Amino acid sequence: MSPMAPTVTLSQSMGMPDYPAYVPSVWLRYSDSMSFGERLYNSVIAAAELIVSEVVFQSMDQEMLDDLYTYPGHRNCPPLDVLRKSVQLTLVNGHYSVSYARPYPPNVVQVAGMHMQPQTSTTVDLKFKALLDGAAHGAIYFSFGSNIKMSDLGEHEVQAFVESFRKLKQIVLWKWENGTIANLPDNVYIDKWFPQQYILSHKNCKLFITHGGYHSLVEALHYGLPLIGFPFFTDQFYNMRFVIENGFGIEILLENLNVNVLVDAIGKIFSDKSYKKNAQTASNIFLDVPVSAMDTAVHSVESLIRNGVTDHNLPASTRLNWYQYFLIDVLVLIGVIVSLIAIILCKSINYLRKIINLKDKMSK
């Protein structure tokens, strides 16, 4: 199971095409339409990831496997690279409506949204229902997920959010993990935990302010909500680039945050109806599938069990060495042939010149 878009290393192990000409690295903020310089840098990053993975991380991962996964007979476990090659099915948290389109082989199944578990008002705390039902001007949900602690933000950033929200008529549900916030306006409600999917699905929720994590993006577009994203690391910049290019939302870097910037961004989301329209269009595409992501995942796994472990769905690229996959041996042979032809032509031309010069001297 891959919780995010496949990296170059994972793509290689799955035999999945990962051409840097149009597949941007998840570590970069590039789109699938790259300039020459971006394609060059994207290629360098892809090559570096493969080399570092092979030279550094493979041995480190093997050590962790040997040290941490201990059970009777664990020393007889095959090496990690052998285990990787034996994987018959990979479930990827991806879909072309929430990330850039790319080819997937039969052994890779996209299941974005598999984690979605719609909640009803009967399954959540009544205080959340009351807050949302009473939001006459709409509600904004603000969360940076579980990996980023809001309480770790600097005082300047926290107060910038506070003063920005003070200017709004909408209520703001703010996921805050540590105590209270000084000088909090009346329209802002903080809590250590919110039922995120229930909030995003509520008719009065109009905007999601997020860190740009992939699960948050999937959940927002599942319900057709526009975003304002504050990316911090890894694939969050990549995700927000996709959001911006497809008109779902606006990106703000934390170092550029101030009251005017955030209030203007929120105002733009509410005044420009294209953000909501584009988010709803992506949602319609995302949900327009014959069966749910969970049913797709279950069927894929059960089908593999029913039919036995075979290699019929594995592309031949999983059995190729790196130099075969990248046609290095073919390119070397072509280079040798072209070089030999060039050498023969050069020597032939020189030989003909000598003959012509010799004839000229004899005629004189």
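**Charges, core and loops in a predicted model**

Let me start with Lys-276, which is partly exposed because its relative accessible area is 36%, a value that falls between the 20% bound for buried and the 50% bound for exposed. I should say at once that what we are looking at is a predicted model, so please hear everything that follows as a description of that model. Lys-276 sits in helix α10, which covers residues 274-287, and together with Lys-203, Lys-206 and Lys-273 it forms a patch of positive charge on the surface.

From that patch I would like to turn to the charged pairs. How many salt bridges does a search of the whole structure find? The search finds nine, and I will go through some of them.

The pair I would show you to begin with is Arg-102 and Asp-18, whose closest N and O atoms are 2.8 Å apart. This salt bridge links distant parts of the chain, since Arg-102 belongs to the loop between β1 (90-92) and β2 (108-110), while Asp-18 belongs to the loop between α1 (8-14) and α2 (36-68), and the two residues are 84 residues apart. Are these two residues buried or exposed? Both Arg-102 and Asp-18 are buried.

The next pair is a local one, formed by Asp-133 and Lys-129, with 2.6 Å between the closest N and O atoms. These residues stand four apart in helix α4, residues 126-133, and therefore about one helical turn separates them. Asp-133 counts as partly exposed because its relative accessibility is 41%, and Lys-129 is likewise described as partly exposed, with a relative accessible area of 26%.

A further pair within a helix is Glu-302 with Arg-306, where the closest N and O atoms of the salt bridge are 4.0 Å apart, and I would point out that the cut-off for a salt bridge is itself 4 Å. Both residues lie in helix α11, residues 293-307, four residues apart, or about one turn of the helix. Glu-302 is partly exposed, at a relative accessible area of 42%, whereas Arg-306 is exposed, because its relative accessible area is 55% and the bound for exposed is over 50%.

Let me now move from charges to the nonpolar interior. The largest nonpolar core has 37 residues, and those with the most contacts inside it are Val-98, Tyr-141, Leu-173, Ile-199, Leu-200 and Leu-221. Several elements give two or more residues to this core, among them α4, β3 (139-142), β4, α6 (196-201) and β6 (205-210), and the list also includes α8 and α10. Which element provides the largest share? That is α7, with five residues. Two of these elements have already come up in this talk, in that α4 carries the pair of Asp-133 and Lys-129, and α10 carries Lys-276.

The remaining points concern loops. In the loop between β4 (171-175) and β5 (188-191) we find Asn-183, which has a positive phi of about 65 degrees although it is not a glycine. As background, most residues other than glycine have a negative phi. The loop between β4 and β5 also contains Pro-185, which is buried, with a relative accessible area of 7%. Pro-185 and Ile-171 are 14 residues apart in sequence, and their C-alpha atoms are 9.8 Å apart in space.

A positive phi appears again at Thr-234, where the angle is near 45 degrees. Thr-234 is found in the loop between β7 (227-229) and α8 (236-245), and it counts as partly exposed because its relative accessibility is 38%.

Finally, Lys-192 lies in the loop between β5 and α6, and it is exposed, with a relative accessible area of 59%. Its C-alpha atom is separated by 4.5 Å from that of Glu-177, although the two residues are 15 residues apart along the chain.

Key:
Residues are numbered from 1 along each chain as its sequence is written. This is a predicted model: local features need pLDDT of at least 70, side-chain atom pairs count only at pLDDT 80 or more; totals for chains, interfaces and linings use all residues. Side-chain values use heavy atoms; hydrogens and water are left out. Buried means under 20% relative accessible area, exposed over 50%, partly exposed in between (1.4 Å probe, protein chains only). A salt bridge is a side-chain nitrogen of Lys or Arg within 4 Å of a carboxyl oxygen of Asp or Glu. Patches are made of residues with over 30% relative accessible area and no salt bridge: like charges are joined within 9 Å, nonpolar side chains (Val, Leu, Ile, Met, Phe, Trp, Tyr) within 5 Å. Accessible areas come from the Shrake-Rupley method with a 1.4 Å probe; for residues, only the protein chains shown count as cover. Lys and Arg count as positive and Asp and Glu as negative; His and the chain ends are not counted. The place of a charge is taken as NZ of Lys, CZ of Arg, CG of Asp or CD of Glu. A nonpolar core is a set of buried Ala, Val, Leu, Ile, Met, Phe, Trp, Tyr and Cys residues joined through side-chain atoms within 4.5 Å.
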